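This report describes a single protein chain, with attention to its internal spaces, its overall build and a few local features of the backbone. The sequence and the structure are shown first.

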Amino acid sequence: MKSLHDLHLANKAKMGIFNNYLLPAAYHEPSVEYRAVRENALLVDYSHMSIVSVMGDDAWALVNHLASADVSIIRDEQGLYSLVLNEDGTIKGDIYILCTPDGYYILSENIAASDMISSLHNLLLRAEELEIAELPAIKSMTEEAWGALMVEGPYSWELLAEVYGFDIIGLPYHEYINQDGELILFRCGKHGEFAYLLVGPQPELVDTWSMLIEKGEKYQLKTGGLDYQRTVRIENMCWDENIYADFSRHPAELQLQWAVQYDKEGFIGKAAAVERSHNPAKRKIVGICPLTDSTGIAPNDKVLVDDKQVGVIVKSAWSPALEASIALALLEDDYAWSDISGFTIETATAKIPAKTQTLPFLYNLSLLVNPTEHSYIDDTKTRHA
């Protein structure tokens, strides 16, 4: 196999479109992949991530003006999570920025590489204003046939430590190490799990995929598709365009204002974001749970208090871990408080009593597992926290 795409077709994965890439949506029943990511380890093709390299002496000035976070705080082999804003201060998408000795890699699940490159070139029209003397080299790594894999779950660290050595266990969050060849191993994760992103050339990733399946058998590793995010990203919210884009792109409404460095020097959308920050958000995202057995809660369902609409359902899901229906709602600011009852969700067929809940819904196993105390395969250690 020369590409991950060929490998997935050969293994009869259910395919779907993600960030303009054709990738596995699922390999197994949803419950199988959910259980793997919540209890042990899940292997997923993450090649929907756009990967753009920005290399050169003045790459920092360019990348720092694209991102809402301050890129100057990271050094070689460190990464940074950031939003990319539109000029009106709303969220265009989110990115990871990896710092290298020669520049940066920018990774995004929801901004196409062509869109990102276009934004960077537009900024270069202001090169003199941004104090860019030497134009950085900008390239989509798709041209180099790069892709990405994600290993995610509370014991993903143990599998990768067996494959790549014990340095994996001590790898801090948002730092990466280079493996043999061009493979980058980045510790990250957006919804609370131990997660490791492997980025590099497709042929190397194909070999890595096969090797991880072989080594992962005793960890009960499962292969998965990107549909698993539909549940885990509601249980532990993070920016996901598929969940929020139809309802809000406002950082404060979505409780993502922490990802905007309001006091750093200029970046795209800064003026509008700062102006918005001076006024309280009129709506905020909250968790909301039905108080009776319920099915059929859907996006755009009304949230009522005394028959007055005070909000709208953004997304709902069945949480296997909680054995309950959960939902995210945008509520008017006066009602956007946690652990308050008295709400009604008006669905197409019923009116369901509901209560708001603190986010995240789930304090998952990865936040409790400690590599020095727990092991999935070592009988001398406790398996579960």
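## Enclosed spaces and the main pocket

Tyr-46, Tyr-96, Glu-109, Met-150, Glu-152, Gly-189, Lys-190, His-191 and Arg-233 form the lining of the second largest cavity. The model in which this cavity is found is a predicted one. By class, three of these lining residues are nonpolar, two are polar and four are charged.

The count of cavities of 30 Å³ or more comes to three. The largest cavity is lined by Gly-89, His-250, Pro-251, Ala-252, Tyr-262, Ala-273, Arg-276 and Ser-277. Four nonpolar, three polar and one charged residues make up that lining.

The largest pocket contains about 610 Å³ of space. Its lining consists of 33 residues, and Lys-190, His-191, Asn-236, Met-237 and Cys-238 are those that lie nearest the centre. Lys-190 and His-191 are also among the residues that line the second largest cavity. In terms of secondary structure, β11 (184-188) and β14 (283-290) each contribute at least two residues to the pocket lining. The largest share, four residues, is supplied by β14.

The table sets out the volume and the lining classes of these spaces.

| Space | Volume | Nonpolar residues | Polar residues | Charged residues |
|---|---|---|---|---|
| Largest pocket | about 610 Å³ | 18 | eleven | four |
| Largest cavity | about 40 Å³ | four | three | one |
| Second largest cavity | about 40 Å³ | three | two | four |

## Overall build

The protein chain contains nine helices and 19 strands. Its radius of gyration is 22 Å, close to the 21 Å given by the globule rule for 385 residues, and the chain is therefore as compact as a globular protein of that length. Along the principal axes, the C-alpha atoms fill a box of roughly 60 × 60 × 40 Å.

Of the 385 residues, 57% are buried. Among contacts with a separation of 6 or more, 66% are between residues 24 or more positions apart. The accessible surface of the chain amounts to about 17,400 Å², and carbon and sulfur atoms account for 48% of this area.

## A largely enclosed helix

Helix α3 (59-66) merits separate description. Seven of its eight residues are buried, so the helix is largely enclosed by the rest of the structure. The buried residues of α3 are Ala-59, Ala-61, Leu-62, Val-63, Asn-64, His-65 and Leu-66. Their cover includes the strands β4 (50-55), β5, β6 (91-100), β7 (103-108) and β8 (137-140), together with the helix α4 (113-124).

## Backbone features

Which residue lies in the loop between α3 and β5 (79-85)? That loop holds Glu-77, which has a positive phi of about 70° although it is not a glycine. Glu-77 counts as partly exposed because its relative accessibility is 37%, a value between the limits of 20% and 50%.

Asp-339, in the loop between β17 (324-332) and β18 (341-346), likewise is not a glycine and has a positive phi, here of about 60°. With a relative accessible area of 47%, Asp-339 is partly exposed.

A further feature concerns a peptide bond. Leu-359 and Pro-360 are joined by a cis peptide bond, with omega about 0°. Pro-360 is located in the segment after β19 (351-357).

Key. Residues numbered from 1 in each chain as written. Predicted model: local features only at pLDDT ≥ 70, side-chain atom pairs only at ≥ 80, totals over all residues. Heavy atoms only, no water. 1 Å grid on protein atoms, 1.4 Å probe; cavity = no way out; pocket = protein on both sides within 12 Å on 5 of 7 lines; lining within 4 Å. Points joined across faces, edges and corners; volume = space filled by probe spheres on them. Nonpolar A, V, L, I, M, F, W, Y, C, P; charged D, E, K, R; others polar. Rg over C-alpha atoms; globule rule 2.2 N^0.38 Å. Buried < 20%, exposed > 50% of the residue type's maximum accessible area, 1.4 Å probe, protein only. Contact = heavy atoms within 4.5 Å. Areas by Shrake-Rupley, 256 points an atom, 1.4 Å probe, with all protein chains shown as cover.
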